[in-house]
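Please read the following report with the sequence and the model open side by side. It moves from the whole chain to helices, charged pairs and a few single residues.

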Amino acid sequence: MDSDNVKIEKEDILKNIYFIAEMAQNTSDKGMYGSLAGKSDLMGGIFDRWINVIPESVIFNKVILPKVSNGHKVTVITDFYKYNPKQDTIGIAPDVIGLRIDDKIIPFAVFDEKWKPIDGAPQIEVKTFKKSQQMVSLRDQGYVGKFLVMVESNFRVDYLLPFFDSKYFSESTYQQMIMEDNVFIKSNNNHLISHLKKVDTSDASLGSLTLLKITETSEFEKCATYCPAGISPIRINSIDEKKVKQEIDIKISDMCLKQPSGLFRFKNEWYQNLNNKVILDFYCDHIESVSIIKRNKMDFYITSPIDCIINNFKLIANRKYKVSLMELNREGSKNGEYFMQKELINFIPDMKKELLCALAKEINKEF
């Protein structure tokens, strides 16, 4: 399969369904951990908070491993162990703990009172971001030398619907729910209430996944903006043409420094009235032409005598634009984290070839 975009089918996540159901049923056994830590959740809430783990195996089994299988049946092995939630010294299991090649198991890590990598085996971190998310991030957890597989998920809002028996959405059930308008409605000229539509069960997929980028964690960190514990990232949320009276004339290039990634970072003097906040690096192709003509706390206004691009937005010459910023509040965070606007991940070096070669080496050395 050559496409980096695939559908998620019911069969792809049967093990995840089983795992979540078992964890929901046995919270008094070992307790929940990580994304399952909220013990007040019912099973539906657990699904919603666990859903970003589901794509790990799907993206490998459907997109990555078919490129290097070399005629063998190769599937990824992910972690289905349960952990004592009070133990914080065992480390974090790799997202890919090994491969199953035909009937052979090739471990990438083993548990010896804590998780330890196998010498020479690829270490892989998988991060999934929802399609609606505007930022990608990586927590500062010492991911030295790990590949980073970045995936975008686009689950249906009703992603669990395909698991329901079709009898729950029968015509007879629908007919029983049709309200008697002549009895209950005196006036509805403004269409304030309406009838239910029939539930569409024709789509059996749960949504789709897109492979965004394969790189190394260190390369991502070099290109991203680091926010220490308690520091909140601010991103460019939107750029809209606006009529505004010019109040200042400051070259934005005088307020920024170009980073090795090719992105631009605001200097310290930009941060008046923005304590404990960091604006994410941004892209501009003709930054020397862009002038700031007005500034508020969480937005500023710009213009340029020539056409140019900021992030993925095109500015037309001599027009005025409002750049709106948005903050992700991390005041209570206890860990550092690297952030980047999703539309700029093309600035991260691509290491897809290197990961495929590492996986192919593990597969081929067994035969």
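The report below describes the chain as a whole and then turns to selected parts of it.

This is a predicted model, in which local features need pLDDT of at least 70 and side-chain atom pairs count only at pLDDT 80 or more, while totals for chains, interfaces and linings use all residues. Residues are numbered from 1 along each chain as its sequence is written, and side-chain values use heavy atoms, with hydrogens and water left out.

**The chain as a whole**

The secondary structure comes to seven helices and 22 strands, where helices (H or I, at least four residues) and strands (E, at least two) are DSSP runs numbered from the N terminus. Taken along the principal axes, the C-alpha atoms fill a box of roughly 75 × 65 × 45 Å. Of the 367 residues in the chain, 43% are buried; buried means under 20% relative accessible area, exposed means over 50%, and partly exposed lies in between, with a 1.4 Å probe and protein chains only. Among contacts (heavy atoms within 4.5 Å) between residues at least 6 apart in sequence, 68% join residues at least 24 apart.

**Helices**

Two packed helices are described by the angle between their axes and the distance between the axes. Helix H1 (residues 14-25) and helix H2 (residues 43-50) pack at an angle of about 130°, with their axes 10 Å apart; the axes are lines fitted to C-alpha atoms, for helices over the stretch in contact, and angles run from 0 to 180 degrees between N-to-C directions. That angle makes H1 oblique to H2, since angles under 35 degrees count as roughly parallel, over 145 as roughly antiparallel, 65 to 115 as roughly perpendicular and the rest as oblique. On the H1 side the contact is made by Ile-17, Phe-19, Ile-20, Ala-21 and Ala-24, and on the H2 side by Met-43, Ile-46, Phe-47 and Trp-50.

Helix H3 (residues 55-64) is mostly covered, with eight of its ten residues buried. The buried residues of H3 are Pro-55, Glu-56, Ser-57, Val-58, Ile-59, Phe-60, Val-63 and Ile-64.

**Charged pairs**

Side chains of opposite charge can pair when their charged atoms come close. A salt bridge is here a side-chain nitrogen of Lys or Arg within 4 Å of a carboxyl oxygen of Asp or Glu, and by this rule the count comes to 15 salt bridges. Three of these pairs are listed below with the separation of their closest N and O atoms.

| Pair | Closest N and O atoms |
|---|---|
| Asp-112 and Lys-116 | 3.5 Å |
| Lys-277 and Glu-327 | 3.2 Å |
| Glu-362 and Lys-365 | 3.2 Å |

In the pair of Lys-277 and Glu-327, Lys-277 lies in strand E16 (residues 277-279) and Glu-327 in strand E21 (residues 320-327), so the pair ties together parts that are 50 residues apart in sequence. Lys-277 is buried, with a relative accessible area of 15%, whereas Glu-327 is partly exposed at 28%. Glu-362 is buried at 4% relative accessibility, while its partner Lys-365 counts as exposed at 53%. Asp-112 is partly exposed at 45%, and Lys-116 is also partly exposed, at 33%. Elsewhere, Lys-131, Glu-152 and Lys-342 are linked in a network of salt bridges.

What is the nearest side chain of opposite charge to Lys-146, which is buried yet has no salt bridge? That side chain is Glu-125, 4.3 Å away, where Lys and Arg count as positive and Asp and Glu as negative, and His and the chain ends are not counted. Lys-146 is placed in the loop between strand E8 (135-139) and strand E9 (147-155). Leaving aside neighbours within four places in sequence, Lys-146 is in contact with Gln-123, Glu-125, Thr-215, Glu-216 and Thr-217.

**Further single residues**

Trp-270 is found in the loop between strand E15 (264-266) and E16, and is buried with a relative accessible area of 2%. Its C-alpha atom is separated by 6.5 Å from that of Met-255, 15 residues apart along the chain. Beyond neighbours within four places in sequence, Trp-270 is in contact with Met-255, Ile-279, Ile-292, Arg-295 and Phe-300.

Ser-324 lies in strand E21 and is buried, with a relative accessible area of 15%. With neighbours within four places in sequence left aside, the contacts of Ser-324 are Arg-235, Ile-236, Asn-237, Ser-238, Met-298 and Asp-299.
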